[in-house]
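User: I should like to learn how to read helix packing, core residues and backbone angles in a model. Please take me through the features one at a time.

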Amino acid sequence: MKDFVFIYKMEKEISREEEISLMEELPLWRKERTGKMKNHEARLQSLMAGILLSFSLRKLTGAEISDQSFIQNEKGLFYAYQSGADKIYFNLSHAGQYVTAAFSDSSIGIDVECKNDKDFRITNRMMAAEDRQYIAEDQARFREVWTMKESFLKCLTLGISIPLNSFSSDFCQEPYVIAGENENLSFFRNKVLSKGYDLQGVNYNTFTARIPGEDYCISICSSKSNLILDIVTVKVLV
């Protein structure tokens, strides 16, 4: 299958009544996770990421979503959806106003970020020397590096369970042409490099773009050599 990324920007206010109604549209595992969140902003982001997941899967499969079709790994993380003979891998991310969902026929990771690194404490404490050199004192570059690393870890379904300085990037920023209607997003490709973490001979690449006019960056990670990204901007989700 082609590799899809769905992006939705939350610009519509959601009332408590709408939130309760939308919660019923989530897959059961996502509903349980989101319902436990106390922070209002985080709960809405998680809710809309779940809605985007259901919306996207319906688009990709042409069918209603089944709770029994979601697959989780030994760590309890849901990472794929079984649609007939096809196994669709997915990953979600949200930050600020944006929620994103990535889909592929092999493991895929995605991350979107808008935060700054205050006084570059994370950069200086947690990043590899190559990362620090690339970031310097540029917050946009920090977001690039952070999302590249997060998307890689999410592609591995690891979370932040290995040191961020145990892998880096070649920072070659090779221009990468995407499919879809998002000509305004200029992606570049970088190769993940080991700085101690064993990549086990697998070639991982990250595909990164800054969202024009905003302090957001988005990265996708995959080990596919023939990745064909189709970026879909969802205008109306609810």
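User: At what angle do the axes of helix H1 and helix H3 cross?

Analyst: This is a predicted model. To read a helix pair, one takes the approach of the axes and then the angle. The axes of H1 (residues 16–23) and H3 (residues 40–61) come within 10 Å and cross at roughly 40°. H1 is therefore oblique to H3, since angles under 35 degrees would count as roughly parallel. The crossing of H1 past H3 is left-handed.

User: Which residues make the contact between H1 and H3?

Analyst: H1 contributes Arg 16, Glu 19, Leu 22 and Met 23, while H3 contributes His 40, Arg 43, Leu 44, Leu 47, Met 48 and Ile 51. By class, the residues of this contact comprise 6 nonpolar, 1 polar and 3 charged.

User: How many residues does the largest nonpolar core have, and which have the most contacts inside it?

Analyst: A core is read from its size, its best-connected members and the elements that supply it. The largest nonpolar core here has 28 residues, and those with the most contacts inside it are Tyr 8, Leu 47, Met 48, Leu 52, Leu 53, Phe 103 and Leu 237. At least two core residues come from each of strand E1 (3–9), H1, H3, strand E4 (86–95) and strand E5 (98–104). H3 gives the most, with 9 residues.

User: Which residues does Leu 53 touch?

Analyst: Residues up to four places away in sequence are not counted; Leu 53 then touches Pro 27, Trp 29, Phe 70, Phe 90, Leu 92 and Phe 103.

User: How should accessibility be read for Thr 123: is this residue buried or exposed?

Analyst: One compares the relative accessible area with a cut-off. Thr 123, in helix H4 (residues 121–126), has a value of 1% and is buried, because buried means under 20%. Beyond four places in sequence, Thr 123 touches Asp 117, Arg 132, Ile 135 and Phe 142. Gln 72, in strand E2 (residues 70–72), is partly exposed at 43%. Leaving aside neighbours within four places, Gln 72 is in contact with Leu 77, Phe 78 and Tyr 79.

User: What is phi of Ala 136, and what is phi of Phe 171?

Analyst: Here one reads the sign of the angle, then the setting. Phi of Ala 136 is near 55°, a positive value in a residue other than glycine. Ala 136 sits in the loop between helix H5 (129–135) and helix H6 (139–155) and is partly exposed at 47%. Phi of Phe 171 is near 50°, a positive value in a residue other than glycine. Phe 171 occupies the loop between strand E7 (167–169) and strand E8 (174–176) and is buried, with a relative accessible area of 16%.

Conventions:
Residues are numbered from 1 along each chain as its sequence is written. This is a predicted model: local features need pLDDT of at least 70, side-chain atom pairs count only at pLDDT 80 or more; totals for chains, interfaces and linings use all residues. Side-chain values use heavy atoms; hydrogens and water are left out. Axes are lines fitted to C-alpha atoms, for helices over the stretch in contact, and angles run from 0 to 180 degrees between N-to-C directions. Helices (H or I, at least four residues) and strands (E, at least two) are DSSP runs, numbered from the N terminus. Angles under 35 degrees count as roughly parallel, over 145 as roughly antiparallel, 65 to 115 as roughly perpendicular and the rest as oblique. A crossing is left-handed if the near helix is turned anticlockwise from the far one by less than a right angle, and right-handed if clockwise. Contact means heavy atoms within 4.5 Å. Ala, Val, Leu, Ile, Met, Phe, Trp, Tyr, Cys and Pro count as nonpolar, Asp, Glu, Lys and Arg as charged, and the others, Gly among them, as polar. A nonpolar core is a set of buried Ala, Val, Leu, Ile, Met, Phe, Trp, Tyr and Cys residues joined through side-chain atoms within 4.5 Å. Buried means under 20% relative accessible area, exposed over 50%, partly exposed in between (1.4 Å probe, protein chains only).
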